[in-house]
Amino acid sequence: MYKELQKELSLSPGTYDSPGLKQILSGLTSIVNGLANLRNEASDSHASIYKPAKRHAELAVNCSKSVSNFIFASLKKDTE
């Protein structure tokens, strides 16, 4: 779903000329994919094969929050 969202909100790295912004947006894609994999490996929704350390869980939560805030800010920008 993130790929669809990238297209809809113009968040694809190739949309921008700035190398730094392209790198950050590519990193967001990596974060989203990593969170999805961690959910599959460690959450209650599937058979848990990995028990993350507290610091890893905090990292995942904070990354989720940052990505979510950015998406909502981008959505809000597009509706103004």
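Arginine 39 is partly exposed, its relative accessible area being 45%. The model is a predicted one. Arginine 39 belongs to helix α2, which covers residues 19-42. Between its C-alpha atom and that of serine 74 the separation is 25 Å, with the two positions 35 residues apart along the chain numbering.

Helix α2 also takes part in the largest nonpolar core, to which α1 (2-9), α2 and α3 (54-79) each contribute at least two residues. The core has seven residues: Tyr2, Leu9, Leu11, Leu25, Leu28, Val67 and Ile71. In soluble globular proteins, nonpolar side chains tend to be buried together.

How many salt bridges does the count give? The count comes to one salt bridge. In this salt bridge the side chain of glutamate 58 meets that of lysine 54, at 3.8 Å from N to O. This pair counts because the distance of 3.8 Å is within the 4 Å cut-off. Both glutamate 58 and lysine 54 are in helix α3, where they are four residues apart, or about one turn of the helix.

The accessibility of the charged residues discussed here is listed below.

| Residue | Relative accessible area | Class |
|---|---|---|
| Arginine 39 | 45% | partly exposed |
| Glutamate 58 | 41% | partly exposed |
| Lysine 54 | 64% | exposed |

Within the salt bridge, lysine 54 is classed as exposed because its relative accessibility of 64% is over 50%. Glutamate 58, at 41%, is partly exposed because this value falls between the 20% and 50% limits.

Methods. Residues are numbered from 1 along each chain as its sequence is written. This is a predicted model: local features need pLDDT of at least 70, side-chain atom pairs count only at pLDDT 80 or more; totals for chains, interfaces and linings use all residues. Side-chain values use heavy atoms; hydrogens and water are left out. Buried means under 20% relative accessible area, exposed over 50%, partly exposed in between (1.4 Å probe, protein chains only). A nonpolar core is a set of buried Ala, Val, Leu, Ile, Met, Phe, Trp, Tyr and Cys residues joined through side-chain atoms within 4.5 Å.
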